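Me: I'm new to this one, so could you walk me through it? I'd like to begin with the sheet and then look at what sits on it.

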Amino acid sequence: MRVTKKNTELVNENIPNVELLVIDNEGNNLGKMLRDKAIKLSYEKDLDLVVVAPEAKVMVAKMMDYSKYRYEQQRKLREMKKNQHIVDVKEIRLSPTIGEHDFNTKLNNAKKFIQKGDKVKITLRFRGRMITHSQLGGEVVEKFIDALGDMVLVEAKPKLEGSQMVAVVAPINNN
């Protein structure tokens with residue numbers, strides 16, 4: 001079973017039977033007229049009557065090729081979607097007792113994420129009694145942020161949230 005979408009656009013016969021301010025396809029104001037007369041006039045020119053300002057005191061309708069207009073609108077929308085970039089937040093998990101090699105591996109991954117334009121959430125989890133040495137964890141996170149250097153902007157400074165320390169860094173746009 002196919003569900004048809006109800007046409008909510010104010011075009012031709014879908015326009016309520018009221019007085020309209022009509023503009024022709026060249027942009028000339030034809031003045032106020034009733035819907036039926038305006039539709040007849042637009043059909044004579046092989047065009048559609050489209051309401052462009054439904055909130056106005058007197059609805060403003062323009063004569064145009066509606067299918068061409070809709071195609072242009074869809075093309076602009078596709079172009080806008082293609083040009084936008086969605087920023088993801090990637091997470092890097094550290095430990096207060098992280099080894100040098102593991103630290104460098106996670107640092108390289110974070111650099112890759114930053115270069116792709118993603119934000120990086122640095123999470124350092126304390127287990128058991130490690131929380132008593134939270135200053136060591138803070139030093140590890142600070143060292144990590146310092147190692148990322150000039151390529152990042154610190155959005156959220158490292159802070160302790162329960163049993164983990166969290167910081168967020170974002171790429172600096174050099175456009």
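Me: What is the strand order in the open sheet of four strands?
Reply: In this predicted model, the four strands of the open sheet follow the order S5-S6-S8-S7, and their pairing is mixed. S5 and S7 are the edge strands, each pairing on one side only, and from one strand to the next the twist averages 15°.

Me: How many bridges join S7 to S8?
Reply: Seven bridges join them, and the two strands run antiparallel; one bridge partner to look for is Met-165 in S8, which goes with Leu-160.

Me: And which strands does H3 touch when it packs on the sheet?
Reply: H3 touches S5, S6, S7 and S8, and its direction makes about 170° with that of S5. H4 also lies across S5, S6, S7 and S8, running at about 10° to S8.

Me: Staying with H3, which of its residues are buried?
Reply: The buried residues of H3 are Phe-103, Leu-107, Ala-110 and Ile-114. They cover an arc of only 65° around the axis, which means that they lie on the same side of H3. In general, an α-helix has 3.6 residues a turn, so residues three or four places apart point the same way.

Me: What covers them, and what is on the face turned away?
Reply: The cover over the buried residues of H3 includes strands S5, S6, S7 and S8 together with helix H4, whereas the face turned away from the buried side carries the exposed residues His-101, Lys-112 and Gln-115.

Me: Switching topic, which residue with a positive phi follows H3?
Reply: That is Gly-117, with a phi near 95°.

Notes:
Residues numbered from 1 in each chain as written. Predicted model: local features only at pLDDT ≥ 70, side-chain atom pairs only at ≥ 80, totals over all residues. Heavy atoms only, no water. Buried < 20%, exposed > 50% of the residue type's maximum accessible area, 1.4 Å probe, protein only. Arc of directions from axis to C-beta. Contact = heavy atoms within 4.5 Å. Pairing = 2+ DSSP bridges. Axes fitted to C-alpha atoms, helices over the stretch in contact; angles between N-to-C directions.
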